[in-house]
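Please open the structure in your viewer and keep the sequence beside it. The tour below proposes one selection after another and says what to look for at each stop.

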Amino acid sequence: MTESVQPPHRNLASAVLRRAGWFSTCKAETLQTLLDEGQLRLIKRGEILTRRGEPVDHLCLIIDGVLEVSATTAVGKRHVVRYLEPGQLMNLIPVLDEQGAIHDAVAHMDTLVLLLGSALVQRTLANEPELALSLMRLLCLRSRLTYANLTESSLATLRTRCARTLLHLLDPYGMPRNEGVAISLKLSQDEFADMVGRSRPTVNRELKQLERDGIIRITYSHFLILDVAALNAVAADL
């Protein structure tokens, strides 16, 4: 069950809101209004924030935790689009075009979010034109990633797709270690396979080969990138 959040969490929400690049051009009073009129919610692990196709009446800013964004077909085949970290936005398109949600959004762990109602978002965009430009750039970036993924799914080998998926996780979740870069996000083999878009056994074989090649190390639900340059070379090979 989604829980209401008590005032002590407002400091964290305020910090993330002010740190998020999308809102960097907004006036201080605008940010305060978003915080005051938005709704802080704690979503427990495994709980659903939005379902694909259902109406959406809020823009979601992740404050703490991780939100899993995915789509599932009628026959149960699932594809994980991304794991959104603090500072990222969810439901931008449905809030702008007033259509249903594009993806399912589920809390990967207990996750704190700030929900900004559609009317609040529209009013803010009217008063902050630079914010509108920032969100347009965000939509363009995500569109480019979508087109790149479509090309990749047709042309890239499974080894390359595994390498690119690992590299996509490095920016938001990479943590430098003596031996390399650890991916802090906890992922089961099934969840990683859902990101790649192939079955767990076939993905696992490719990961094991990358491990034998000395490029990565696999521990329980975590990855350690031992050679980022080598992983980039694999990712660049179609």
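Are Phe192 and Phe223 buried or exposed? Select the two residues and show their side chains: both Phe192 and Phe223 are buried. Please keep in mind throughout that this is a predicted model, and that the chain averages a pLDDT of 90, with 95% of the residues scoring at least 70. If you colour by confidence, look for the lowest mean, 50, in strand 1 (residues 3-4), and for the highest, 97, in strand 9 (residues 111-117).

**First stop: the two rings**

Stay with the two phenylalanines, since the count of aromatic pairs comes to one. The ring centres of Phe192 and Phe223 lie 5.0 Å apart and the ring planes stand at 45°, so this pair is classed as tilted. The pair links distant parts of the chain, as Phe192 sits in helix 7 and Phe223 in strand 13 (residues 222-225), 31 residues apart.

**Second stop: helix 7**

Now select residues 189-196, which make up helix 7 and which lie across strand 5 and strand 6, with the helix running at about 100° to strand 6. Six of the eight residues of helix 7 are buried, so the helix is largely enclosed by the rest of the structure. Which residues of helix 7 are the buried ones? They are Glu191, Phe192, Ala193, Asp194, Met195 and Val196. To see what covers them, add strand 5, strand 6, helix 6 (158-173), helix 8 (200-212) and strand 13 to the selection, as these are included in the cover. Just after the helix comes Gly197, which has a positive phi, near 90°.

**Third stop: the sheet beneath the helix**

Next, hide the helices and look at the open sheet of four strands, which are arranged in the order 3-8-5-6 with antiparallel pairing. Strand 3 (48-50) and strand 6 (78-84) stand at the edges with a single partner strand each, so one side of each has no neighbour in the sheet. On average, neighbouring strands here are turned by 30° against each other, when direction is ignored.

Begin with strand 5 (residues 67-72), which is joined to the antiparallel strand 6 by six bridges. Two places to select along this pairing are Val69, which stands opposite Arg82 of strand 6, and Ser70, whose bridge partner in strand 6 is Val80. The hairpin of strand 5 and strand 6 has five residues between the strands, and in this hairpin Gly76 takes a positive phi near 95°. Five of the six residues of strand 5 are buried, so this strand too is largely enclosed by the rest of the structure.

Then move to the other partner, strand 8 (residues 104-107), with which strand 5 pairs in the antiparallel sense over four bridges. Here Leu67 has Ala107 as its bridge partner, while Glu68 is partnered by Val106. In a regular strand the side chains alternate between the two faces of the sheet. In strand 8, both faces are covered, with Asp104 and Val106 buried on one side and Ala105 and Ala107 buried on the other. From strand 8, continue to strand 3, which runs antiparallel to it and is joined to it by two bridges; at this pairing, Thr50 stands opposite Ala105.

**Fourth stop: a second sheet**

Strand 13, which carries Phe223, leads to another open sheet, again of four strands, in the order 10-11-13-12 and with antiparallel pairing. Its edge strands are strand 10 (174-177) and strand 12 (216-219), each of which pairs on one side only. Neighbouring strands of this sheet are turned by 25° against each other on average, direction ignored. Select strand 10 together with strand 11 (residues 180-183) to see an antiparallel pairing over four bridges, in which Gly174 has Ile183 of strand 11 as its bridge partner.

**Last stop: Thr30**

Finally, go to helix 2 (residues 28-37) and pick out Thr30. Is Thr30 buried or exposed? Its relative accessibility is 12%, and because buried means under 20%, Thr30 counts as buried. Leaving aside residues up to four places away in sequence, Thr30 touches Thr124 and Glu128. Show the side chains of Thr30 and Glu128 together, and you will find a polar contact between them at 2.7 Å.

Notes: Residues numbered from 1 in each chain as written. Predicted model: local features only at pLDDT ≥ 70, side-chain atom pairs only at ≥ 80, totals over all residues. Heavy atoms only, no water. pLDDT = per-residue confidence, 0-100. Pairing = 2+ DSSP bridges. Axes fitted to C-alpha atoms, helices over the stretch in contact; angles between N-to-C directions. Contact = heavy atoms within 4.5 Å. Phe/Tyr/Trp six-rings, centres within 6.5 Å; stacked < 30°, edge-to-face > 60°. Buried < 20%, exposed > 50% of the residue type's maximum accessible area, 1.4 Å probe, protein only. Polar contact = N/O pair within 3.5 Å; in protein donor to acceptor, adjacent residues only side chain to side chain.
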